[in-house]
Amino acid sequence: MFALIPFRTNGVDNKGGRVDNFFNGFFNDDFFSPMNLDFGNGQKFNADIKETQNEYLVSAELPGVKKEDINLEYKDDTLIISATRNEEINEQKDNYIRRERCYGEISRAFHVENVDREKISAKFKNGELHIILPKLDQIINKSNKILIE
């Protein structure tokens, strides 16, 4: 007998009007974010870092990237992961031709101290990059604090 009917306000909501929504949406868009890591076609470069007692474990998702197109660097206590993707699609069927090209570059940097750079290893399989950053045996104390005896 009774039905739920959505309540519409003809484009005006409780936060303001259409003009407010336009400016809020425009300036809060991810385009202006420094962490906008779009790889083209809405794909993102996600990375996780896990610390254990002896090492740091980094996992990065790089879908659609070939192993040869990945570059890893460790300098000045910073791990830099960068990748490029160059993809071209040519398809011809019946009366139409489809050609698409996609090119993208992406890079992320992570500050990781106390790493034995000679023992860093990495594996790439099925679009996932796994990096092992072994810790140095000795922990360098960079504190300015003076112990009182």
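Is Phe110 buried or exposed? Keep that residue in view while we walk through this predicted model, because Phe110 turns out to be buried, with a relative accessible area of 12%, and the cut-off for that label is under 20%.

Let's start with the overall layout. The protein chain holds 1 helix and 7 strands, and from the N terminus on the order of elements is α-β-β-β-β-β-β-β. Of its 149 residues, 23% count as buried. The accessible surface of the chain comes to about 12,600 Å², and carbon and sulfur atoms hold 49% of that area. If you look at contacts with a separation of 6 or more, 49% of them link residues 24 or more positions apart.

Phe110 gives you a local view of such links. You will find Phe110 in strand β5, which spans residues 96–111. Its C-alpha lies 6.5 Å from that of Ile80, although 30 residues separate the two in sequence. Setting aside neighbours within four places in sequence, Phe110 is in contact with Asp77, Thr78, Leu79 and Ile81, and also with Ala47 and Ile49.

Ile80 leads us on to another pairing. In the antiparallel pair of β3 and β4, Ile80 in β4 stands opposite Glu73. Strand β3 covers residues 70–75 and strand β4 covers residues 78–93, with 6 bridges joining them. Together they form a hairpin with 2 residues between the strands. Have a look at Asp76 in that turn: its phi is positive, at about 50 degrees.

Further along β4 comes Ser82. What is the relative accessible area of Ser82? The value is 18%, so Ser82 counts as buried under the 20% cut-off. Beyond residues up to four places away in sequence, Ser82 touches Asp69, Ile70 and Asn71, as well as Ile106 and Ser107. As a reminder about strands, in a regular one the side chains alternate between the two faces of the sheet.

Finally, let's turn to the rings. How many aromatic pairs does a search of the whole structure find? The count is 0. Charged side chains do sit over rings, though. Arg108 lies over the face of Phe45, at 5.8 Å from the ring centre. The charged end of Lys135 is placed over the ring of Tyr56, 5.0 Å from its centre.

How values were computed:
Residues numbered from 1 in each chain as written. Predicted model: local features only at pLDDT ≥ 70, side-chain atom pairs only at ≥ 80, totals over all residues. Heavy atoms only, no water. Helix = DSSP H or I, 4+ residues; strand = E, 2+ residues; numbered from the N terminus. Buried < 20%, exposed > 50% of the residue type's maximum accessible area, 1.4 Å probe, protein only. Contact = heavy atoms within 4.5 Å. Phe/Tyr/Trp six-rings, centres within 6.5 Å; stacked < 30°, edge-to-face > 60°. Lys NZ or Arg CZ within 6 Å of the ring centre and 35° of its normal. Areas by Shrake-Rupley, 256 points an atom, 1.4 Å probe, with all protein chains shown as cover. Pairing = 2+ DSSP bridges.
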